[in-house]
Amino acid sequence: MGRHRKQPATTVRRSSLIALTGLVPAGLVAVTAATTEATPATNAAVEHDVLPGVDPEPTANLVAAPQAEMIHAEARQSASAAPVVKTVALPDDRASADLPAGPLGIPGIAVAAYQTAEQQLAVENPHCGMSWSLLAGIGRVESTHAYGKADAQGNPIKAVYGPVLDGSLAGNNVIHDSDGGDLDGLGSYDRAIGPMQFLPETWHRYAADGNADGVADPQNLFDAALTAGRYLCDGGLNMRDLSQQSKAILRYNNSMAYVANVMAWSGSYSSGLAPKPQDLPQIH
C-alpha cells in the first residue's frame, strides 16, 4: 500500500492526458466473461494534496429528509451547520452488513454508499456528472471497498489506514502531522485515512456528511464517498469528458497507470464484466 510519492517537477497538461489515454481501456469497459473480481491490482493508499490554484467553490448544503432505508436515500447535509469532523470510536464486535453483493462481488453496503453519493452530487453539482461506478473504481483501488467488510452504517469493521508518511518507504513523501493525530491517530507524521484514503488536511477541507448524521468521518463509506466525489468534481470538472475525468483522477495519484486502473474498475462495475489483467497496469 501507499503511493504518496514525490511528484516530478513537470506537470501533466490536459493535452498530454489525451495522448496518454492509451493506458485506459477502450470504451472504459474491459470485455471478459468473468463474473467475480479479478486478482486485485496493487492497492494504492494515495495522498490527496490540495492542488495549487484550485479553490473549491461553495456548494449549497441541503437538508436531509428522514429515510428508513439507507440504500436509495438522498441524505443531504444540514444547511444550518457544518458537520463535525472526527473519527467515531466503535466497538470491535460489530457484524458486517448483510446486503446483497453488487456487480463483481462489490459489497452491497459499498454500492449503497457510492450510489447515495451519486444522487447527492447530482443535486448539488449536476454539471459534474459523477457516477457511482467511478467512485467505486476509486474505492476498489484505494482499499478494496474498506477491505470488503463494513457494518450496516458503512463503518469498516477494521479502521483503514495508509502507511505512515515518515520517509521510511522509499520514494514516498514525508508529511508531518497536520491535525494533532485527531483523525489518523498519529502525532508526528500523517497517514492516509479511511476507505477513500484522504490525508487529514485534505479531509478537513472537503469533508462531507454523506449519511446525514452530523459527522464527517473519513472512515465511514458514505462520508468518504461523498467527500471523494466533491474532491474529484472540484474546479468545475465534468466526469462525462474523458480528459477531465482523467485530470480529476490524477489528483489522487499522478500516474496514468493509476488512472487506467480506476477507469477499468469503473467500467467493469458499470458493465458487470471483470477487467482483463492487461487493463490493470502496475501502479508505481
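These legends go with a set of close-up views of a predicted model.

**View 1. The whole chain, to get your bearings.** This predicted chain has seven helices and two strands. Starting at the N terminus, the elements come in the order α-β-α-α-α-β-α-α-α. Of its 284 residues, 50% count as buried. If you take contacts between residues at least 6 apart in sequence, 71% of them join residues at least 24 apart.

**View 2. Helix 3 against helix 7.** Two packed helices are described by the angle between their axes and the distance between the axes. Here, helix 3 covers residues 132-147 and helix 7 covers residues 256-271; they pack at an angle of about 120°, and their axes are 7 Å apart. Angles of 65 to 115 degrees would count as roughly perpendicular, so helix 3 and helix 7 are oblique to each other. The crossing of helix 3 past helix 7 is right-handed. On the helix 3 side, look for W132, S133, L134, A136, G137, I138, R140, V141, E142 and H145; on the helix 7 side, the contact is made by Y258, N261, V262, W265, S266, Y269 and S270. Sort the residues of this contact by class and you get nine nonpolar, six polar and two charged.

**View 3. Helix 6 against helix 7.** Helix 7 also meets helix 6 (residues 242-250), with the axes coming within 9 Å and crossing at roughly 110°. That angle falls in the 65 to 115 range, so helix 6 and helix 7 are roughly perpendicular to each other. Their crossing is right-handed. Helix 6 brings L242, Q245, S246, I249 and L250 to the meeting, and helix 7 brings M256, Y258, V259, V262 and M263. The class count for this contact is eight nonpolar and two polar, with no charged residues.

**View 4. F198 and its two aromatic partners.** The structure holds seven aromatic pairs. In one of them, F198 sits edge-to-face with W203, at 5.5 Å centre to centre and with 70° between the planes. Buried means under 20% relative accessible area, so F198, at 0%, is buried, and so is W203, also listed at 0%. F198 pairs with Y252 as well, again edge-to-face, at 6.0 Å centre to centre and 65° between the planes. That second pair links distant parts of the chain: F198 lies in the loop between helix 3 and helix 4 (200-206), while Y252 lies in the loop between helix 6 and helix 7, 54 residues apart. Y252 has a relative accessible area of 1%, so this residue is buried too.

**View 5. The aromatic cluster around these pairs.** Pull back from F198 and you can pick out one aromatic cluster formed by F198, W203, Y206, Y231, Y252 and Y258. Two of its members have turned up together already, as the edge-to-face pair F198 and W203. Another, Y258, is among the helix 7 residues that helix 6 meets, and Y258 also takes part in the contact with helix 3.

**View 6. Q244 in helix 6.** The last close-up picks out Q244, which is found in helix 6. Is Q244 buried or exposed? Its relative accessible area is 16%, and the cut-off for buried is under 20%, so Q244 is buried. C233 is eleven residues away from Q244 along the chain, and their C-alpha atoms are separated by 9.4 Å.

Technical notes. Residues numbered from 1 in each chain as written. Predicted model: local features only at pLDDT ≥ 70, side-chain atom pairs only at ≥ 80, totals over all residues. Heavy atoms only, no water. Axes fitted to C-alpha atoms, helices over the stretch in contact; angles between N-to-C directions. Helix = DSSP H or I, 4+ residues; strand = E, 2+ residues; numbered from the N terminus. Parallel < 35°, antiparallel > 145°, perpendicular 65-115°, else oblique. Left-handed = near helix turned anticlockwise from the far one by under 90°. Contact = heavy atoms within 4.5 Å. Nonpolar A, V, L, I, M, F, W, Y, C, P; charged D, E, K, R; others polar. Phe/Tyr/Trp six-rings, centres within 6.5 Å; stacked < 30°, edge-to-face > 60°. Buried < 20%, exposed > 50% of the residue type's maximum accessible area, 1.4 Å probe, protein only.
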